[in-house]
Amino acid sequence: VTHSIPACIGSMTINGKQLDNESPVSIFAVNKCYETVQDGTFFDGSGFAALVREGYKVRSDVNITLEFRTTAAHGVLLGVSSAKVDAIGLEIVHGKVLFHVNNGAGRITASYEPRGTNSLCDGKWHKLQANKSKHHISLIIDGNLVHTDNPYVQSTSADTNNPIYVGGYPADVKQNCLTSKTSFRGCLRNLVLTKGQHTELFDFSRAFDLHGVFPHSCPGAEH
């Protein structure tokens, strides 16, 4: 077993002596337990999760689905980039969800803005689906579809080779399809990337780098 248990542990004694877990000698990726907890991964607004160390290749087609819950109007959801300009990015900016794609010829964006007072930053779960199919991109939020015209019809492949960064990214990492540096605060769950017949559900506890992210532990209310 190479990864931690997603659980709460309390009142541990060794040789009859209770361990003091309030002041540990060292601590890593351990958070408090919540009285009410939901399935999901908690992002505390300070960091990110890094997945696929060897690099994720978006290329011509990818479909991303996830669910998010936040009370913040800004936050990075997901970014995959390259050393050049090719990249994809999902972010919340001023309460809108933006899906950016650059296949090498220029960035295009599908933007979802909730109508009226229906805020996406209400602390409730929202379903997101972002689809890139060659030069076409679309975004579906809670069943509402947005798509955008792409003037760069000859450019169809996002040749990315960097990790998938979720909820933010390190200061020294370039993200060509994200405009925000603000880390996501809230909860994410059910992150699935599909390419053709290959579907992959990502488990944040298996991320190769985690900062301010607590897998399998989503507080029932904002803490």
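This is a short talk through the fold, the empty spaces and a few single residues of one predicted protein model.

Okay, ground rules before the pictures. The model is predicted, so local features need pLDDT of at least 70 and side-chain atom pairs count only at pLDDT 80 or more, while totals for chains, interfaces and linings use all residues. Residues are numbered from 1 along each chain as its sequence is written, and side-chain values use heavy atoms, with hydrogens and water left out.

Let's start with the whole thing. The protein has 17 strands and zero helices. Those are DSSP runs numbered from the N terminus, where a helix is H or I with at least four residues and a strand is E with at least two. Put a box around the C-alpha atoms along the principal axes and you get roughly 70 × 40 × 35 Å. The radius of gyration is 19 Å, which agrees with the value near 17 Å for a compact globule of 223 residues. That radius is taken over C-alpha atoms, and the globule rule is 2.2 Å times the number of residues to the power 0.38.

How much of the protein counts as buried? Of the 223 residues, 45% do. For that word, buried is under 20% relative accessible area, exposed is over 50%, and partly exposed is in between, with a 1.4 Å probe and protein chains only. The outside comes to about 12,200 Å², with carbon and sulfur atoms supplying 49% of it. Those areas are from the Shrake-Rupley method with a 1.4 Å probe, and for residues only the protein chains shown count as cover.

Contacts next, meaning heavy atoms within 4.5 Å. Take the contacts between residues at least 6 apart in sequence: 73% of them join residues at least 24 apart.

Now for the holes. Rolling a probe the size of a water molecule over the atoms shows where empty space is left. On a 1 Å grid over the protein atoms alone, a cavity is a set of points where a 1.4 Å probe fits but cannot get out; a pocket is an open set with protein on both sides within 12 Å along at least five of seven lines; and lining residues have an atom within 4 Å of a point. Points are joined across faces, edges and corners, and the volume is the space filled by probe spheres set on them.

How many cavities of 30 Å³ or more does the search find? One, in the whole structure, and its volume is about 30 Å³. The lining is Leu66, Leu77, Leu78, Val166, Leu188, Leu191 and Phe204. β6 (75–81) and β14 (185–195) are the elements that give two or more residues to that lining. By class it's seven nonpolar, no polar and no charged. In that scheme Ala, Val, Leu, Ile, Met, Phe, Trp, Tyr, Cys and Pro are nonpolar, Asp, Glu, Lys and Arg are charged, and the others, Gly among them, are polar.

Then there's the second largest pocket, at about 240 Å³. It has 14 lining residues, and the closest to its centre are Thr41, Arg189, Asn190, Phe202 and His216. β14 turns up again, giving the most to this lining with four residues. The class split here is six nonpolar, five polar and three charged.

On to some loops. Arginine 59 sits between β4 (41–51) and β5 (61–70), and its phi is near 55°, a positive value in a residue other than glycine. With 45% relative accessibility, arginine 59 is partly exposed. Lysine 134, between β10 (126–133) and β11 (136–141), also isn't a glycine and has a positive phi of about 55°. Lysine 134 is partly exposed too, at 46%.

Is glycine 95 buried or exposed? Buried, at 12% relative accessibility. Glycine 95 is in the loop between β7 (87–93) and β8 (96–102), and beyond four places in sequence it touches Ala73, Pro114, Leu120 and Cys121.

Arginine 206, in the loop between β15 (198–201) and β16 (209–214), is exposed at 56%. Arginine 206 and serine 4 are 202 residues apart in sequence, yet 8.9 Å apart C-alpha to C-alpha.

Last stop, leucine 19, in the loop between β2 (17–18) and β3 (37–38). Leucine 19 is partly exposed at 42% and touches Met12 and Ile14, leaving out residues up to four places away in sequence. From leucine 19 to proline 151, 132 residues along the chain, the C-alpha separation is 63 Å.
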